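Please open the model in your viewer with the whole chain displayed, and keep the selection tool at hand. The tour below moves from one selection to the next and says what is to be found at each stop.

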Amino acid sequence: MFRSTRKPQSGLGTALAMAELVYHSIVRSIRREHNNAFIAIGMNILQMVIFVLAFYVMFTVLGLKGASIRGDFLLYLMTGIFLYMTHIKAMGAVAMSEGPASPMMQHAPMNTIISICSAAFGALYIQVLSLFLILFIYHVAFVPVQVNQPFGAFGMLLLAWFTGVAVGLVLLAIKPWFPTFVRIFTQIYQRANMIASGKMFVANTLPSFMLAMFDWNPLFHAIDQCRGFAFINYNPRYSSWEYAFWVGVVLVMIGLMGEFYTRRSASVSWEARR
């Protein structure tokens, strides 16, 4: 009798309330890696730096620096590694987000859409912040960074994130049905994209039989297009950002339909039975 009735909200009020829930869920998802958010971001930056240095040493030892694009070699590596990390981090965050049978869903305002959005935007926030910090330090301490079309290059980063979210959404939809398969497939997908993403190659220099091994991957197209925007002397001929975008849209639609169906059927007893 003392419980206040919930007043109906306008469309704007509902949107603001959902945005507030997404914000708090993003903070929670970032702090999941570590209680200190700065340490969580620092660990991600360190992981990116280690990737860049490892590939730099590998290319130097193997003498493959001449096969890259004319320009800043470290920027060439970063365009591939940044997009690869953004893609797989977004995919992993969405695939492992709170499902319909999670205890968090027992709280009235919480739902799976908020969980998916917070995981996706939390991963994007960490990657973008890490990207700008690394580029700022590299620009100030080493060599001035010159990007031919910065907005286009950043758009390809968002495209890599979007396709990662799309793949993660499909995996999230089938995770309650096949949790072991999703866990194994996620690890295989992340490892396979170390090569299948094409971040170590320039698409214009690949023969046709090798292009067929990579052009199915939307991340390959996003990375190659990003290098076209970043370097003034590189014009990608064998990739298309439209392909990556439409693949992402199709996967998002499939993932949303699968998540809607799974949400109606999932139960806590499934996990208990396993």
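Begin by selecting L172, which is found in helix α5, the helix spanning residues 150–174. The model you are looking at is a predicted one, and in it L172 is buried, because its relative accessible area is 5%, under the 20% below which a residue counts as buried. If you now show what surrounds this side chain, leaving out residues up to four places away in sequence, you will find that L172 touches V94, A95, S97 and I116. Add G92 to the selection and draw a line between the two C-alpha atoms: L172 and G92 are 80 residues apart in sequence, yet the line spans 9.6 Å.

**The whole chain**

Next, zoom out and colour by secondary structure, which shows 10 helices and zero strands in the chain. Followed along the sequence, the elements read α-α-α-α-α-α-α-α-α-α. Of the 274 residues, 44% are buried. Among the contacts with a sequence separation of 6 or more, 75% join residues that lie 24 or more positions apart. With the surface switched on, the accessible area of the chain comes to about 15,400 Å², and 69% of that area belongs to carbon and sulfur atoms.

**The nonpolar interior**

Hide the surface again and select F55, F59, Y76, L83 and M85, which touch the most other members of the largest nonpolar core, a set of 54 residues. To see where this core draws its residues from, highlight α2 (37–62), α3 (73–95), α4 (112–141), α5, α8 (218–230) and α9, each of which supplies at least two of them. The largest share of the core, 13 residues, comes from α3. Apart from this core lies another one, made of six residues, and you can locate it by selecting A95, V167, L171 and Y189, which are among its members.

**Two stops on helix α4**

Now isolate helix α4 and pick Q127, which lies within it. Is Q127 buried or exposed? Q127 counts as buried, since its relative accessibility is 3%. Setting aside neighbours within four places in sequence, Q127 is in contact with N44, M48, M85, T86 and K89, and M85 will be familiar from the core selection. Extend the selection to H87, which is 40 residues from Q127 along the chain, and the C-alpha atoms of the pair prove to be separated by 9.7 Å.

Stay on helix α4 and move to H139, which also lies there. H139 counts as partly exposed because its relative accessibility is 38%, a value between the 20% and 50% limits that bound this class. Beyond its neighbours within four places in sequence, H139 is in contact with P144 and V145.

**Helix α1 and the cysteines**

Go back towards the start of the chain and select A19, which lies in helix α1, residues 11–31. A19 is partly exposed, because its relative accessible area is 43%. Which distance separates the C-alpha atoms of A19 and C117? The two residues are 98 positions apart along the chain, and their C-alpha atoms are separated by 9.7 Å.

With C117 selected, add C226 and compare how the two cysteines are covered. C117 counts as partly exposed, since its relative accessibility is 26%, whereas C226 counts as buried, since its relative accessibility is 4%. A disulfide is a covalent bond between the sulfur atoms of two cysteines. A search for such bonds here will return nothing, as the structure holds zero disulfides.

**A nonpolar patch on the surface**

For the last stop, turn the surface back on and select I113, V250, M253, I254, L256 and M257, which together make a nonpolar surface patch of about 530 Å². Which helix gives the largest share of the nonpolar patch? That share, five residues, comes from helix α9, residues 241–265. Finish on M257, which is found in helix α9 and counts as exposed because its relative accessibility is 58%, over the 50% limit for that class.

Conventions:
Residues are numbered from 1 along each chain as its sequence is written. This is a predicted model: local features need pLDDT of at least 70, side-chain atom pairs count only at pLDDT 80 or more; totals for chains, interfaces and linings use all residues. Side-chain values use heavy atoms; hydrogens and water are left out. A disulfide is a pair of cysteine sulfur atoms within 2.5 Å. Buried means under 20% relative accessible area, exposed over 50%, partly exposed in between (1.4 Å probe, protein chains only). Patches are made of residues with over 30% relative accessible area and no salt bridge: like charges are joined within 9 Å, nonpolar side chains (Val, Leu, Ile, Met, Phe, Trp, Tyr) within 5 Å. Accessible areas come from the Shrake-Rupley method with a 1.4 Å probe; for residues, only the protein chains shown count as cover. A salt bridge is a side-chain nitrogen of Lys or Arg within 4 Å of a carboxyl oxygen of Asp or Glu. Helices (H or I, at least four residues) and strands (E, at least two) are DSSP runs, numbered from the N terminus. Contact means heavy atoms within 4.5 Å. A nonpolar core is a set of buried Ala, Val, Leu, Ile, Met, Phe, Trp, Tyr and Cys residues joined through side-chain atoms within 4.5 Å.
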